[in-house]
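User: Please take a close look at one part of this structure, the open sheet, and place its surroundings in relation to it. I would like a connected account rather than a list.

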Amino acid sequence: MNDLISLNREELRELFAGFSEPPFRADQLFQWIHRKNTWDFSAMTNLPLALRERLGAAYLVSTVRIERTLAAPDGTRKHAFRLADGEAVEAVFLPERKYFSLCVSSQAGCPLACVFCATGARGFRRHLSAAEILGQIYLLLKNAPPVDRLGNILFMGMGEPLLNPSELRRAISLLTDPQGLALSPRKIVVSTSGIIPELKALAAESRIRFAISLNAPNPELRKKLMPGVETKYPLPGLLQVLRDFPHNYPGRLMIEYVLIRGENDSGKCAAELEKSLRGIRARVNLIPHNPFPGSGLSSPENSRVLRFQEILKSQGRIVFIREPRGAEIQAACGQLAGTKKAESGEQGAKGEEPGAEG
Ligand code: SAH
Ligand code: SF4
């Protein structure tokens with residue numbers, strides 16, 4: 001592999017030792033890539049010319065390329081990326097009032113086959129490498145406001161991040177490296193359908209935040225809507241993990257609940273959800289379903305969404321309704337579906353509030 005973006009400082013030092021270059025040169029290169037977001041070796045002016053040429057001849061910072069960008073009137077931008085082997089993923093730039101957030105993909109496709117999700121409908125292609133995850137983020141940052149306005153990095157694009165834990169961990173550790181972007185882990189939000197062992201492990205070892213895609217108030221309905229994950233990690237076990245979440249978790253968990261007309265949007269479901277969530281320090285994001293061709297599903301009427309919210313709120317729960325962002329460009333939740341090779345891109349993501357916790 002000649003893609004340097006995914007090497008940590010230790011690994012860059014080892015590489016440079018092979019060139020008889022001192023360790024501080026590796027740190028300089030790391031800072032160019034991760035702090036200054038420079039991909040062009042010739043611009044790395046504090047590195048000796050011979051070293052720059054040597055790197056340029058044999059290495060790349062990243063192989064990820066933007067193939068297509070679509071902009072929505074609200075400023076949301078969806079970027080389709082083509083990976084070196086022809087796979088396609090998408091990431092979304094989400095402007096907020098003061099901050100902006102990025103929603104990135106962790107897999108090409110997803111094996112979990114949730115019935116309401118465009119990514120799931122496309123099946124699983126492969127895991128993304130840390131280099132491909134960072135490539136999406138850094139390319140988006142090149143055309144974004146300054147990094148101090150970066151709210152959250154949301155692993156809410158294509159794929160189930162906790163089915164790709166080692167590359168996810170590597171990406172997180174590079175993003176939070178003090179010599180790189182030095183991102184606060186609190187600004188990293190991993191959305192998961194509930195891969196219990198990895199959720200527990202990552203929550204115990206890091207200070208990142210989690211969004212849990214519940215989407216159903218009981219195991220039976222969840223199995224219908226989220227067959228892949230519910231079969232392996234049934235809801236009662238997931239709820240117990242959430243009740244036992246580490247005490248030092250920063251703020252509240254986020255519970256994601258996609259509202260699908262006639263499926264999980266009744267008052268009974270709301271009341272049952274409220275019961276299931278008792279004892280869990282979490283707020284709820286209600287996401288009206290974003291339709292995509294062939295799903296046969298749709299979102300409830302607005303009044304029904306509000307009623308669902310009211311039932312939860314009446315029990316003291318903090319509940320937000322998530323506005324669809326970039327729906328015009330299929331950049332909203334669950335619309336990221338990836339592209340087949342040689343087709344032009346398609347796939348979707350979602351929005352989230354900046355850094356602060358609710
Ligand atoms: N696999 C992870 C992250 C990607 S999906 C997960 O499931 O959490 C990110 C979010 O989009 C999840 O909360 C999921 O429930 C939601 N989602 C998927 N398809 C959707 C759709 N068509 N409309 C609205 N939200 C959707
Ligand atoms: Fe996979 Fe998440 Fe889509 Fe389910 S909702 S199919 S877990 S990406």
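Analyst: The account below begins with the sheet, continues with the helices, and ends with the ligand sites. The model is a predicted one.

The open sheet comprises ten strands with mixed pairing. Their order across the sheet is β1-β2-β3-β4-β7-β8-β9-β10-β11-β12. Its edges are formed by β1 (65–71) and β12 (319–321), each of which pairs on one side only. From one strand to the next, the twist averages 20 degrees.

At the β1 edge, the partner strand is β2 (residues 77–82), and the two run in the antiparallel sense with six bridges between them. Within this part of the sheet, Ala71 is placed opposite Arg77 of β2.

Two helices lie across sets of these strands. Helix α5 (residues 130–142) lies across β1, β2, β3 (88–95), β4 (100–103) and β7 (150–155), and its direction makes an angle of about 40 degrees with β3. Helix α12 (residues 302–313) lies across β10 (253–259), β11 (282–288) and the edge strand β12, running at about 165 degrees to β12.

A further contact is that between two helices. Helix α7 (residues 196–205) packs with helix α10 (residues 235–243) at an angle of about 5 degrees, and their axes are 10 Å apart. Because angles under 35 degrees count as roughly parallel, α7 is roughly parallel to α10. On the α7 side the contact is made by Ile196, Leu199 and Lys200, while α10 contributes Gly237, Leu238, Val241 and Leu242. By class, this contact has five nonpolar residues, one polar and one charged.

The ligand sites complete the picture. Ligand 1 is surrounded by 19 residues, of which Phe116, Gly159, Ser191, Ser213 and Asn290 are the closest. Several polar approaches involve nitrogen of this ligand. A polar backbone atom of Gly159 is 3.0 Å from a nitrogen atom of ligand 1, and a backbone N or O atom of Asn290 lies 2.9 Å from a nitrogen atom of the ligand. From Glu160, by contrast, an N or O atom in the side chain is 3.2 Å from a ligand 1 nitrogen atom.

Ligand 2 has around it Cys110, Leu112, Ala113, Cys114, Phe116, Cys117, Gly120, Gly159 and Ser193. By class, this shell has six nonpolar and three polar residues, and no charged ones. Phe116 and Gly159 thus appear among the residues closest to ligand 1 and also among those around ligand 2.

Methods
Residues are numbered from 1 along each chain as its sequence is written. Chains are lettered from A and ligands numbered from 1 in the order in which they are written. This is a predicted model: local features need pLDDT of at least 70, side-chain atom pairs count only at pLDDT 80 or more; totals for chains, interfaces and linings use all residues. Side-chain values use heavy atoms; hydrogens and water are left out. Axes are lines fitted to C-alpha atoms, for helices over the stretch in contact, and angles run from 0 to 180 degrees between N-to-C directions. Helices (H or I, at least four residues) and strands (E, at least two) are DSSP runs, numbered from the N terminus. Angles under 35 degrees count as roughly parallel, over 145 as roughly antiparallel, 65 to 115 as roughly perpendicular and the rest as oblique. Contact means heavy atoms within 4.5 Å. Ala, Val, Leu, Ile, Met, Phe, Trp, Tyr, Cys and Pro count as nonpolar, Asp, Glu, Lys and Arg as charged, and the others, Gly among them, as polar. Two strands pair if DSSP finds at least two bridges between them. A residue is near a molecule or strand if one of its heavy atoms lies within 4 Å of it. A polar contact is a pair of N or O atoms within 3.5 Å; within protein, one must be able to donate a hydrogen and the other to accept it, and residues adjacent in sequence count only if both atoms are side-chain atoms.
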